[in-house]
Amino acid sequence: MSENTIEQDIFQDLIEKGRGRIFFAQEYYDRWPDSTVRFTLAEMAKDGQIVRLARGVFCFPKVSDYGMKMILPEPDSIAAAVAEKSRIRIVPYGDQAAYLVGLAAFQFSRTTYLTDGAPRIIHLSNGRTIEFRHTSEMRIFAFRNRKMQLLSNGIRAVGKDRIKADEKEAIKFHLSGVPTDDFNHDLQLCPEWVRDILLDSRGC
């Protein structure tokens, strides 16, 4: 089978699965030789049909503005896709957690996640970095509510004495959508000082 035919088959597969999906070179290793798949995907990326996000990680991007602008996935989506493929759990940590709940204004070039899997650093093609840090703190994966999980990690990243009025408003906003049962359960997983901030923001 010619490389042009392989490219057409891969492109047709991507069309059928839909734009915006993050995918991996390994998905096609059972159909063609590894080296052929890597070469074909590299050529497709060079032609602008797909985007190489990291080594072996690609995206078939959505487009806007009449097909003139590609919409690329955020680091959080890339990290989630890698975690799902690797069958590990991850939790945004530090500045990344704070950013996702509005406690930090900027997203840093290195986004960090805690994982129950092996530590790993993923170098993205745009110069950004995703880091998975192994943790033995299993309670961090026991949260029922993702917002509570992010708030707990985000508040810890900001620090006990650095939560100002704007941060308190952001915390209050996110807590307004957390069901009471989830709030009460997840509160017990937070450090005591974080618990106090959450209770105060919830108006308890």
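Biologist: Why are α7 and α8 called roughly antiparallel to each other?

Modeller: Helix α7 (residues 180-187) and helix α8 (residues 192-202) pack at an angle of about 160°. Angles over 145 degrees count as roughly antiparallel, those under 35 as roughly parallel, 65 to 115 as roughly perpendicular, and the rest as oblique. The angle of α7 and α8 falls in the antiparallel class, so that is the name they get. Please keep in mind that this is a predicted model, where local features need pLDDT of at least 70, side-chain atom pairs count only at pLDDT 80 or more, and totals for chains, interfaces and linings use all residues. Residues are numbered from 1 along each chain as its sequence is written, and side-chain values use heavy atoms, with hydrogens and water left out.

Biologist: Which residues of α7 and α8 meet?

Modeller: T180, F183 and L187 of α7 meet R195, L198, L199 and R202 of α8; contact means heavy atoms within 4.5 Å. This group divides into four nonpolar, one polar and two charged residues. Here Ala, Val, Leu, Ile, Met, Phe, Trp, Tyr, Cys and Pro count as nonpolar, Asp, Glu, Lys and Arg as charged, and the others, Gly among them, as polar. The axes of α7 and α8 lie 11 Å apart, and their crossing is left-handed.

Biologist: What makes α6 roughly perpendicular to α8?

Modeller: α6 and α8 pack at about 75°, with their axes 9 Å apart. That angle makes α6 roughly perpendicular to α8. On the α6 side the contact uses K168, I171, K172 and L175, and on the α8 side I197, L198, S201 and R202. Sorted by class, the contact of α6 with α8 has four nonpolar, one polar and three charged residues.

Biologist: How do you know that α5 and α6 are roughly antiparallel to each other?

Modeller: Try it with the angle: helix α5 (residues 146-158) and helix α6 (residues 165-175) pack at about 165°, and their axes are 10 Å apart. α5 and α6 are therefore roughly antiparallel. K147, M148, L151 and I155 of α5 make the contact with I171, H174 and L175 of α6. Those residues comprise five nonpolar, one polar and one charged. The crossing of α5 and α6 is left-handed.

Biologist: Let's turn to the strands. Why is one side of β1 and of β2 left without a neighbour in the sheet?

Modeller: Three strands form an open sheet in the order β1-β3-β2, with antiparallel pairing. β1 (21-24) and β2 (51-54) stand at its edges with a single partner strand each, so one side of each has no neighbour in the sheet. Two strands pair if DSSP finds at least two bridges between them. β1 and strand β3 (residues 57-60) have four bridges, and F24 stands opposite V57 in β3. Neighbouring strands in this sheet are turned by 35° against each other on average, direction ignored. Helix α3 (residues 75-86) lies across β1 and β2, at about 45° to β1.

Biologist: Which are the edge strands of the sheet of four strands?

Modeller: That open sheet has the order β6-β7-β9-β8 and mixed pairing. Its edge strands are β6 (90-93) and β8 (120-123), each pairing on one side only. The average turn between neighbouring strands here is 25°, direction ignored. α3 packs on this sheet, touching β6, β7, β8 and β9, and its direction makes about 45° with that of β9.

Biologist: How many bridges join β8 to β9?

Modeller: Four bridges join them, and the two strands run antiparallel. I121 stands opposite E131 in β9, while H123 stands opposite T129 in β9. β8 and β9 form a hairpin with five residues between them, and G127 in the turn has a positive phi of about 95°.

Biologist: Why is the pair of Y113 and F132 called edge-to-face?

Modeller: The structure holds five aromatic pairs. In the pair of Y113 and F132, the ring centres are 6.0 Å apart and the planes stand at 85°, so the pair is edge-to-face. Rings of Phe, Tyr and Trp (its six-membered ring) pair if their centres lie within 6.5 Å; planes under 30 degrees apart count as stacked, over 60 as edge-to-face, and the rest as tilted. Y113 lies in strand β7 (residues 110-115) and F132 in strand β9 (residues 129-134), so this pair ties together parts that are 19 residues apart in sequence.

Definitions and conventions
Axes are lines fitted to C-alpha atoms, for helices over the stretch in contact, and angles run from 0 to 180 degrees between N-to-C directions. A crossing is left-handed if the near helix is turned anticlockwise from the far one by less than a right angle, and right-handed if clockwise.
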